[in-house]
Amino acid sequence: MSTLKKQVARGQDSQVLPKVPVPPLKQTLDTYLKCVQHLVKDEQFKKTKTIVEKFGAPGGIGEVLQKKLLERRDKTANWVYDYWLEDMYLNNRLALPVNSSPAMVFPKQTFRDHKDALRFAARLIRRVLEYKSLIDARMLPVDVARGQLAGTPLCMKQYYHLFTSYRYPGLKTDTLKVDMNTASSTSEHMIVACKNQFFMLDVVANNKQLNETEILSQLEKIMKMSENAEEKHPPFGILTSDDRTEWAQAREALIKDQTNQDSLALIESSICVVCLDEPCGLPPSDTNRALMMLHGGGCERNGANRWYDKSMQFVVGMDGVCGVVCEHSPFEGIVMVQCSEFLMKHITGSPLRMVQPSSARALSPPRRLLWKCNSHIQALLGASGDRLQRLVNNLDMDVFTFETYGKEFIKKQKMSPDGFIQVALQLAFYKCRGRLVPTYESASLRRFQEGRVDNIRSATPDVLAFVKSMADEGATFTDSEKMKQLKDALKAQTDYTIAAITGMAIDNHLLGLLKVSKELKMERPDIFCDETYLASNHFILSTSQVPTMVEMFCCYGPVVPNGYGTCYNPQPHHIVFSVSSFWENTETSSAVFVKALNESLLEIGDLCNRSAAAASQPTESSQAASQPHKSGK
């Protein structure tokens with residue numbers, strides 16, 4: 001290993017990053033009040049203010065809990081990690097598809113036939129093995145922060161979880177197992193799902209990894225085996241798409257039989273799952289491809305050709321619909337992006353022709369995973385299938401590309417692209433509902449040891465003032481007043497973002513105080529029973545920026561029944577938005593939200609252009625800018 005490579009490897013293993021701080025109690029309580037005041041009724045806010053002041057009073061409960069959190073920080077690498085993981089993921093009982101697992105949608109591939117698709121899959125598997133080798137040797141270059149406070153080195157630990165994690169369902173809470181022992185993490189098999197059957201693909205034979213041609217040959221055998229009707233097993237993967245408690249109960253029924261135990265053990269210890277999907281029979285629009293990644297289209301399509309507990313599932317559709325579905329508890333979206341970009345750059349960079357090796361090795365055929373089924377398990381499979389179908393029918397997805405401008409235009413205004421888009425999302429929501437709601441925007445804490453995320457609460461008082469001025473029908477506000485409010489809204493967004501990425505946001509801190517009160521067996525403090533607190537954690541707008549350097553986009557579902565999931569990918573001259581909601585909720589409509597979002601981006605863009613034009617014509621500018629401007633409805 002070269003000296004430079006040794007340094008990179010050593011740099012990742014011995015990264016000495018600071019510990020995530022515990023913010024001052026008073027600061028968090030003051031920020032909390034500021035975040036909720038304009039989102040609740042005055043009466044309710046008065047009640048909340050009294051409760052918060054009592055909680056934070058000298059010698060009060062808050063101080064006791066704060067002291068315990070500070071002690072916990074001294075004793076652990078990351079005081080919030082376990083609390084956050086349980087609260088965000090493991091305690092959540094909802095099904096993983098749509099509700100929890102995000103997907104990365106690759107560009108539509110053009111396959112002439114199934115052999116082309118299998119070549120693509122073989123090349124993908126080869127690249128996964130190369131990427132895994134880089135991770136295992138700790139040879140990935142250390143990530144550095146971009147955007148706000150750019151240049152800081154970031155914690156690399158999440159990368160080590162990509163191919164070594166498995167989420168086990170539990171009756172009350174799930175368990176995330178990460179095999180960090182490098183000797184045993186050199187898992188030597190993948191699971192291939194094909195026609196709802198599961199196969200074990202050994203990727204190493206006689207201590208040597210399979211090459212592309214050998215992998216292709218094994219995938220062709222798998223495809224042939226999957227067509228053998230006599231050996232077909234029921235679609236067991238469907239169980240993993242169910243609510244977590246239901247799947248935990250089904251799993252207990254399964255493991256009564258040794259055959260099922262053995263098959264489960266092979267899936268749980270695999271590197272990843274590769275899903276060879278049947279053509280979905282839908283036009284390959286961005287929206288349809290997003291749906292196929294998120295839920296596979298239910299039982300009648302590819303919904304059972306999955307194993308949702310495994311952290312990485314690569315989907316290769318015979319019709320060119322491809323991507324990756326991730327179990328979200330071991331890592332954040334950026335890690336999925338980096339992995340996906342590595343794979344796509346190396347797959348699409350060279351033609352899909354195979355090099356014929358001079359001497360092909362005789363490989364033992366892949367093994368079909370066997371299952372034992374009885375009438376009870378058969379009934380469970382049916383019930384899981386029905387619940388997945390309900391979820392499929394409920395998801396209202398709209399992938400929209402805004403093409404008038406992208407991040408280059410925003411940067412020319414000397415504005416942050418992320419802040420700008422967040423303000424546009426707030427204006428869109430205000431257009432739809434005439435109010436703002438608690439909003440979640442994930443903020444990375446990877447500047448700290450084992451850092452995951454905290455929340456940027458984007459629905460600030462400043463953004464409310466701005467959206468009101470933009471939506472004002474009476475043309476009360478001049479352009480220069482609106483511009484000032486836009487700049488104030490962007491400053492508030494940037495200030496909150498910087499607080500969040502430096503460990504000074506409020507959500508993790510309040511969660512920590514609540515968890516400590518439970519550990520101390522206290523009665524739940526009033527601040528956490530107050531309806532303001534409960535409402536402030538019901539994120540009707542759940543947002544995330546997932547930028548990519550390669551053509552692809554990310555999507556996920558809403559986190560509450562009456563909410564929107566909004567993922568965005570700002571490119572130089574366009575912005576891709578994946579907007580999701582549920583059909584069953586009459587308050588939400590993805591198409592209506594997308595229409596409002598398009599209008600919002602156009603209106604804010606026009607405001608910036610008018611202001612720039614006015615500024616460049618000093619003689620007329622004072623008059624033009626002081627004239628109220630009606631937005632073109």
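**Exercise 1. Find which helix holds both Arg289 and Asp286, and describe their contact.**

Step 1. Arg289 and Asp286 share helix α10 (residues 286–295). They sit 3 residues apart, about one turn of the helix.

Step 2. This is a predicted model. In the model, the two residues form a salt bridge, with the closest N and O atoms 2.9 Å apart.

Step 3. Buried means under 20% relative accessible area. Arg289 has 5%, so Arg289 is buried. Asp286 has 27% relative accessibility, so Asp286 counts as partly exposed.

**Exercise 2. Work out where Glu599 and Lys431 lie, and what their pairing ties together.**

Step 1. A salt bridge joins the side chains of Glu599 and Lys431 (3.3 Å, N to O).

Step 2. Glu599 belongs to helix α20 (residues 590–616), and Lys431 to helix α14 (residues 417–433), so the pair ties together parts 168 residues apart in sequence.

Step 3. Glu599 is partly exposed at 30% relative accessibility. Lys431 is partly exposed at 25%.

**Exercise 3. Decide whether Glu214 is buried or exposed, then place its salt-bridge partner.**

Step 1. Glu214 has a relative accessible area of 5%, so Glu214 is buried.

Step 2. The side chain of Glu214 meets that of Arg361 in a salt bridge (2.8 Å, N to O).

Step 3. Arg361 lies in the loop between α11 (333–348) and β11 (367–368), while Glu214 is in helix α7 (residues 212–226). The two are 147 residues apart.

Step 4. Arg361 is partly exposed, with a relative accessible area of 24%.

**Exercise 4. State how many salt bridges the whole structure has, and name a network.**

Step 1. The search finds 40 salt bridges.

Step 2. One network links Arg93, Arg167, Asp174, Arg244, Asp309 and Glu327.

Terms used. Residues are numbered from 1 along each chain as its sequence is written. This is a predicted model: local features need pLDDT of at least 70, side-chain atom pairs count only at pLDDT 80 or more; totals for chains, interfaces and linings use all residues. Side-chain values use heavy atoms; hydrogens and water are left out. A salt bridge is a side-chain nitrogen of Lys or Arg within 4 Å of a carboxyl oxygen of Asp or Glu. Helices (H or I, at least four residues) and strands (E, at least two) are DSSP runs, numbered from the N terminus. Buried means under 20% relative accessible area, exposed over 50%, partly exposed in between (1.4 Å probe, protein chains only).
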